[in-house]
Amino acid sequence: MMDVACRNYTDDATNPSSFIVYVIRVDCRLNHEKDVTYFHASSSEFFITKNAHFPKDMKASKLFSLTFSHSGLAVFSTLSTTALQSYLNRQDYAFPGRQFDSTVLRSLLLGTRVQDYLLNAAIVINVTPLIIRIPHRPHLEDLLISNVRFITEAGHLLEVVVDDFTEEAQGHLELICSPLSMRSTIGILKNSRLLLYDEDHRHMSPTQTILEQCYQGTRPVVNRNLLDRLYGPNHSHAYGGITRKLISITKRGKELVLTPSLSEAVRRYEDCPAFVLTGPPGSGKTLVAAAMATSYCGGGGNQLVLVPSPSGLAALAQALVALDTTNKAFVLLDEDGEVESLHGKEDMDMEQAALLTSDTTGNQGSQHIGKDQEIDHGTGSVGGGNIFKKGKDEAHITELNQPTSKNCETFWELDNRRNENDEKPHIIVGTVDTVLKMMANQIRKDGSMDARLQSIPEEEETPFVSTRGQQLNSVTKIIIDEANQLTEPALIALTQCFPGVQTIAAIGDARQLTFYGLLSSELVGSDALDLFQRKLNVPSIQMTATHRHSVDLMSYSELFYGMQIPSTKLRRRDRFRLNVLSDFIDRNCLLVEAPGWKAIQAGDSSWINDVEINALDFTLQKLREAGQESIMVICLYEAQHQLARATLPDFYEVMTVEEAQGREATIVIVLTTVDKISLDVPFLCPNRCNVATSRHREALIIMGKQKLLTKFDPWSGLFEQQYFDVTYCDYEMGFFTDPPDDF
């Protein structure tokens, strides 16, 4: 990593009546009135000023300074370059001690407020007739039976009757409405944003809640040493070396010797305050997360092993129960009630692990939570229909290695019982959002502190006992797998929940999926993986080899990593061969196109392709006839994902790119769907392409239009090297053949 100059920052906003605000709307009307709509850190709702004074070049989606004159006039002014950069480019500045509170915390909270609003605002899709798209949320249908009221960004009330609504694949409801007053629609344009007026149905993420508690002082800022490592000057904290002796673990009765980098991670986990571990696909990141947790020999305390996305729970659960340990109790954390026990399931495969953490619809992991905006600031819900029953507000956990499946307890009750009975420490597995939701609820809704928090001195991170006898700092170790998907605000919120934490380990790969930034992405900042690395104050361990597939199957390697990644997996003569589809196929990477390839747009940014589905169905039949069952289908587009799930038998593993991260299968089939250049994230994002084309162990099939994929980045880079054969799937005639001349 390049070391950059890092300057101490002093906030130059000395006026106590000055605010740093994020402007979302500027309106200069014909009557010379100037209205501005903005957010500031002190409130989760936007504010509107009438007849404000602001610079001529003022634009929305920017930061400004706001002061009020003696007459009450709102005056917006441009921030100084230093002040502006300190908010948007925090990596270039140092914020030691209290400067974190005054600048970083305010910036993160402001960015989270704006991002939550943008994610949850209703959007006007059409004006006449009035069609409004609104993100789906619990009990929203109950609201639609009566008149629904919205607030426009200009501050006007829009009250409508919902004539009908449909549910979209992307998790939104599309409302067909009749306004009660046509006058209320004046000024409303297509793509206008609306805020739901009913406060009970507004969404405030647990990340925003915890950061707000810290900002308002109802939750003390803790873990100052870690914050100084993340936001202080470069190279300001030293860390010692470790022994290079390799570590062995036992997996399903077999001894495995860890590589030097994995061994270092296990040793760092014993006593290092923070460190980061990175590696390419198949390098063993999830395995080392499990190895660190099960090998930890420190005294007392629980460990949290977390993932940002519910889809990552399956791989994590499988890795943990596969390792032999006698001094740890596994715990599955979820917001729901009943849990299926993992007792005796140490040999479960990935499909069984996915079933354990899947929802009732059959989605592996969650209902389309791969979308990062729902991961970063989600509601905390985790799909678990086969195990969990919804309906409880407080998160629950249960021991996975106990013979009963209904001994569910809250986190506080379980840990209190563990302390009383001196039981072995727990490894608590769950999602970051679930933990944040649980911890956010420890502050009462009226803003008063829970008794657990009142006894924490701001500067002292000492043990304390709550009214239930629960020691909050019983969580002493935190491991975050797939940390590249976790936002900076969510990570900081997590650090403020556990004052007794001794080590935080971040594991991930910056070239795989990260969170999706919106207009406020600069304020929200970087992902957690980058935050750990950028100040060079924590050890950074790099894994360089893959153990998933041999080098002849790694078309993604040089394209996304700039090198041929070493592989420990040799090319076996008895491995599965794609020539079962056709004799002329020599390689195990294959590009497949079919006659009549045609994509149809479904929604604003999604596509379906019936020809691709027919070719997929034919290919799957051929593979199953050859005895292959470990097959994963990855869809770039949500609409095609839904179509594939509705068309194929239930036993096929069909998922989005987001759900596929951290997973693998013997054969992977990637559906690219489109027939012309699509200037959208699903097709053009290099990180999504990297994830989709690196999940296979023995064979990769990409379905798509050759002239499109070989012309546009990032896909064209896959085919520049000699990894792929190309074939033509004539599913109506029932065979694969050489491509025609005009292919």
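Mentor: Welcome! Two strands count as a pair if DSSP finds at least two bridges between them. Please keep in mind that this model is predicted.

Trainee: Thanks! Which residue in E24 does valine 276 stand opposite?
Mentor: Begin with strand E16, residues 274-278. E16 pairs in the parallel sense with strand E24, residues 540-542, over 3 bridges. Across from valine 276, in E24, you will find serine 540.

Trainee: And what is the bridge partner of leucine 277 in E23?
Mentor: E16 also pairs with strand E23, residues 503-508, in the parallel sense, here over 5 bridges. The partner of leucine 277 in that strand is isoleucine 507.

Trainee: How many residues of strand E16 are buried?
Mentor: Look at both faces of the strand. Ala274, Val276 and Thr278 are buried on one side, and Phe275 and Leu277 are buried on the other. E16 is therefore largely enclosed by the rest of the structure, with a buried count of 5 of the 5.

Trainee: Now the open sheet: which strands stand at the edges, each with a single partner strand?
Mentor: The sheet has 7 strands in mixed pairing, in the order E29-E28-E30-E31-E25-E32-E33. A strand with a single partner has one side left without a neighbour in the sheet, so the edges are E29 (653-656) and E33 (735-737).

Trainee: Which residue is the bridge partner of methionine 632 in E29?
Mentor: Strand E28, residues 631-635, pairs with E29 in the parallel sense over 4 bridges. In E29, methionine 632 is matched with glutamate 653.

Trainee: Which helix packs on the sheet, touching E28, E29 and E30?
Mentor: Helix H18, residues 610-625, lies across E28, E30, E31, E32 and E33, but E29 is part of your question. The helix you want spans residues 638-647 and makes about 165° with the direction of E29. Its name is H19.

Trainee: How far from cysteine 689 is the nearest cysteine sulfur?
Mentor: A search of the whole structure finds 0 disulfides. A disulfide needs sulfur atoms within 2.5 Å. Cysteine 689 is in none, and the nearest sulfur, that of cysteine 685, lies at a distance of 8.9 Å.

Trainee: Is cysteine 689 buried or exposed?
Mentor: Buried means under 20% relative accessible area. Cysteine 689 has a relative accessibility of 1%, so it counts as buried.

Trainee: Last one: how far apart are the axes of H2 and H4?
Mentor: H2 passes H4 in a left-handed crossing. Among the residues that meet are Leu105 and Leu109 in H2 and Leu211 and Tyr215 in H4. The helices pack at an angle of about 145°, and the distance between their axes is 9 Å.

Methods: Residues are numbered from 1 along each chain as its sequence is written. This is a predicted model: local features need pLDDT of at least 70, side-chain atom pairs count only at pLDDT 80 or more; totals for chains, interfaces and linings use all residues. Side-chain values use heavy atoms; hydrogens and water are left out. Helices (H or I, at least four residues) and strands (E, at least two) are DSSP runs, numbered from the N terminus. Contact means heavy atoms within 4.5 Å. Axes are lines fitted to C-alpha atoms, for helices over the stretch in contact, and angles run from 0 to 180 degrees between N-to-C directions. Buried means under 20% relative accessible area, exposed over 50%, partly exposed in between (1.4 Å probe, protein chains only). A crossing is left-handed if the near helix is turned anticlockwise from the far one by less than a right angle, and right-handed if clockwise.
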